[in-house]
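Open the model in your viewer and switch on side chains as sticks. Then follow along, one selection at a time.

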Amino acid sequence: MASSSVVTRSLTTQRDALSSRSQNRSVLRARVVPARRGSLAMSRTTKCVMEVPQKASDVKRGEWSPSSWTKYEAKQQPNWPSKEHLETVLEEIERYPPLVFAGEARNLRAKLAQVAMGDGFVLQGGDCAESFAEFKADNIRDTFRVILQMSAVLMYGAGVPVVKIGRMAGQFAKPRSTDTETIDGVELPSYRGDNVNGDAFTAAARTPDPSRLIRSYNQSAATLNLLRGFSMGGYASLERIQEWNLDFVKEDSEQGKKFLDLAQQLDEAILFMRACGIKEDNPITKSTEFFTSHESLLLHYEQALTRVDSTSDKWYGCSAHLLWIGERTRQLDCAHIEYMRGIENPIGIKISDKCDPSELIELIETINPKNTAGKIMIIVRMGAEKLRVHLPKLIQAVQESGKIVVWQCDPMHANTVKAQSGYKTRQFDRIRDELRAFFDVHEEMGSHAGGVHLEMTGQNVTECVGGEVEVQDADLPLRYHTHCDPRLNASQSLELAFLIADRLRKNRKMKELM
């Protein structure tokens, strides 16, 4: 219990500081970035290993700069065929405007600080990997709309603030198990995402092409422009909630009926607010805040979009509001940790059952040495059974150390299987079970289950089996569109949102009785 009081006091101090700072307007200016020449040869998958966890004290770190990561071995980097071509592309991207701004990242960090204190819930979702072929305004709108629907379910159904974060506007690159793939005796580079190479199994498509980085930047900028328009231009108004229902979430389905009922209740609540004097143009009901995120995988690209904020003289990664480190790149003695420790953005750290409690504390201390509230989000991906065994020890270590984090559940990545039809899929029941285990463990440990991280889409896909819509193995070929891993469709996503809302409501009522 002593550690709990330490966390509470620290959070209160951090909250006050963050609240005042987040009001400041920020301007990002370009600063000459230390030369990356000579570092490009280090771009292959390297010798960093997970079996022997390093301690932060064992890693000798010098002064940080956007390019200091090049002194460390970098995992999951493409083998670019032309270093000169890559250099030319990166120099061009360095001249481009930032995709996001420091003030926006600070605003997100302040909101995550509130979640870390138990006040709120993070809803993070979007494509496994964005693609050039699926880049359409309707697809962006539909995914945004599903996230709005889910947040409405959580806010109204459970009575908690929801921080909305999309895996959008930059989630292209994917880590791979091997550098190459062999089919029928032909060996080619692995597909690493549309910002690196193509997924067609041909030598031309699979050759990494730096020009794709520029195309991914432009697509990210256009996606962000549309998301900002949707968020602030009236589309996200709660008064439009009746119009958010997607055509394929039928009103006669269980999820359709539930959402229609919730929408009607919200309409009545808005009428009550009007009667109380809240005007129609109040931003509370007319707009919403929406943030973007992606896995920070391609470090040359991230470096090219790293900017210094003129109001604070601190560095920000300006490719997204929140960046996360994957399970395969979170080694303490490798390049991704070095890059992340120097930027002020909120940082996610994905962990599996392989993560040792002491290793987790070292990771947190390295990236967030000042224990700033809202800086760290721990994204747990283990599977229900392993989560019940391993997560309590990790939570206990964080509690005893006084570290301030947001705990988030990724119930997708540990539940991928191969269906009888040969398609890679995920079972809705196992996704649901891992979420239940996540909430159960936090309830037992007295900690806050702070969020969910989903691979999902607004399209009517048949990629994950199960759920109230009863997608079967035989249905997978009908609308299997993913370029990488299987995603929940809108109906399955809404079903999860109602389940989470029920659990959050239960937790809130229990706290009120204490």
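This tour of a predicted model goes from cysteines to charged pairs.

**Stop 1: the cysteines.** Select Cys484 and Cys128. The sulfur of Cys128 is the nearest cysteine sulfur to that of Cys484, at 3.7 Å. A disulfide needs the two sulfur atoms within 2.5 Å, and Cys484 is in no disulfide. In fact, the structure holds zero disulfides. Cys484 is buried, because its relative accessibility is 11%. Now select Cys409, which is also buried, at 0% relative accessibility.

**Stop 2: a pair inside one helix.** Side chains of opposite charge can pair when their charged atoms come close. There are 30 salt bridges in this structure. Select Asp138 and Arg141, whose closest N and O atoms are 3.4 Å apart in a salt bridge. Both sit in helix 4 (residues 137-158), three residues apart, about one turn of the helix. Asp138 is partly exposed at 45%, and Arg141 is partly exposed at 24%.

**Stop 3: pairs between helices.** Next, select Glu385 and Arg430, a salt bridge with its closest N and O atoms 3.2 Å apart. Glu385 lies in helix 12 (residues 384-401) and Arg430 in helix 13 (residues 428-445), so this pair ties together parts that are 45 residues apart in sequence.

Stay with helix 13 and add Arg503 and Asp440, which meet in a salt bridge at 2.6 Å, N to O. Here Arg503 of helix 14 (residues 490-513) is linked to Asp440 of helix 13, 63 residues apart. Is Arg503 buried or exposed? At 14% relative accessibility, Arg503 counts as buried, whereas Asp440 is partly exposed at 21%.

**Last stop: a network.** Finish by selecting Arg167, Lys174, Lys424, Arg426, Glu455 and Asp485, which are linked in a network of salt bridges.

Key. Residues numbered from 1 in each chain as written. Predicted model: local features only at pLDDT ≥ 70, side-chain atom pairs only at ≥ 80, totals over all residues. Heavy atoms only, no water. Buried < 20%, exposed > 50% of the residue type's maximum accessible area, 1.4 Å probe, protein only. Salt bridge = Lys/Arg side-chain N within 4 Å of Asp/Glu carboxyl O. Helix = DSSP H or I, 4+ residues; strand = E, 2+ residues; numbered from the N terminus.
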